[in-house]
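Student: I am new to this structure and would be grateful for a close look at a single part, the surroundings of the ligand. Please then extend the account to other places in the chain.

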Amino acid sequence: MIKLIGIEKIYEGGVKALSDINLQIRKGEFVYIVGSSGAGKSTLIKLILKEEDPSSGEIYLNGNDITDVNNRRIPYIRRSIGVVFQDFRLLHNKTVYENVAFAMEILGEDSKLIRKRVPEVLRRVGLNRKASRFPDQLSGGEQQRVSIARAIVNNPPVLMADEPTGNVDPENALGIMELLDDINSRGTTIIMATHAKDIVDKLRRRVIELSKGIIIRDEKRGRYDE
Ligand code: ADP
């Protein structure tokens, strides 16, 4: 489903963020990307999202070569991958409902479908009663649930999460992980960069460890530390 072949990423200024990355992620997998700060985790995610281009190598998504920038392909990628960030990135002048609906509107979805699907997905993340609140009226954990709802509302086959529990207290972090686990169990592939050792050690899944831009470990049911 996602395949990286011989990926190297050198940023302007000469920083080598990734080198010799060969990686295959299959449909339905749950993958943690771990490694210390600066190891290349965010860069790896940005390459898959087409926010950055590799300096060399190839990237395939669902069998399609997405290596070269091609604006016609960007909507396809946006549809195929939902994204969740550490800092939520919600629109503060829009309600919970509107934040989620907006993700469908920008893809040009039918308003009838939007009115049907947004309440469904809000129910799924446990926020149907808070649909008319604004993000600032919610806790960190609730804001992250809104951002997860927004990420899955278009039913993407892949969900990428960059430190999704980083701004959430431990109790709510567990709830966020249960939600991601539930989403994964329904078939969505999840790739999650994290520093949360307790979570990785509790919910054991595939662990890919980066260090200085290379993969130093790839284990099926790994722990945070080797
Ligand atoms: P991580 O997410 O594991 O903390 P990053 O992928 O953010 O690691 O960073 C990997 C390396 O690339 C670091 O040395 C970082 O300073 C560098 N880097 C990241 N983004 C840029 C950029 N836009 N320009 C130059 N260097 C960058």
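Tutor: In this predicted model, the ligand is surrounded by Tyr11, Val15, Ala17, Ser36, Ser37, Gly38, Ala39, Gly40, Lys41, Ser42 and Thr43. Helix α1, which spans residues 41-48, supplies the largest share of this shell, namely three residues. Particular atoms can be picked out within the shell. A polar side-chain atom of Thr43 is placed 2.5 Å from an oxygen atom of the ligand. For Ser42, the atom concerned is a backbone N or O, and its distance from an oxygen atom of the ligand is 2.8 Å. Ala39 likewise places a backbone N or O atom 3.1 Å from an oxygen atom of the ligand. Taken on its own, the ligand has 570 Å² of accessible area, and the protein covers 63% of that area.

A second place to examine is the loop between β6 (81-85) and α3 (96-105), where Leu91 is found. Phe88 belongs to this loop between β6 and α3, and Arg89 is also located there. Most residues other than glycine have a negative phi. Phe88, although not a glycine, has a positive phi of about 65 degrees. Arg89 is not a glycine either, and its phi is positive at about 55 degrees. Phe88 counts as buried because its relative accessibility is 9%, and the limit for that class is under 20%. Arg89 has a relative accessible area of 48% and is therefore partly exposed. Leu91, with a relative accessibility of 32%, is partly exposed as well. Together with Phe102 and Ile106, Leu91 makes a nonpolar surface patch of about 260 Å².

The last place to consider is helix α5, which covers residues 140-152 and contains Ile148. Ile148 has a relative accessibility of 0%, so it counts as buried. When neighbours within four places in sequence are set aside, the residues in contact with Ile148 are Val84, Ile176, Leu179, Leu180 and Ile183. As for Lys220, its C-alpha lies 25 Å from that of Ile148, and the two residues are 72 residues apart in sequence.

To return to the part first requested, the ligand has polar side-chain and backbone atoms of the protein beside its oxygen atoms: the side chain is that of Thr43, while the backbone atoms belong to Ser42 and Ala39.

How values were computed:
Residues numbered from 1 in each chain as written. Predicted model: local features only at pLDDT ≥ 70, side-chain atom pairs only at ≥ 80, totals over all residues. Heavy atoms only, no water. Helix = DSSP H or I, 4+ residues; strand = E, 2+ residues; numbered from the N terminus. Buried < 20%, exposed > 50% of the residue type's maximum accessible area, 1.4 Å probe, protein only. Contact = heavy atoms within 4.5 Å. Patch = residues over 30% accessible without salt bridge, like charges linked within 9 Å, V, L, I, M, F, W, Y side chains within 5 Å. Areas by Shrake-Rupley, 256 points an atom, 1.4 Å probe, with all protein chains shown as cover. Salt bridge = Lys/Arg side-chain N within 4 Å of Asp/Glu carboxyl O. Near = heavy atom within 4 Å. Polar contact = N/O pair within 3.5 Å; in protein donor to acceptor, adjacent residues only side chain to side chain.
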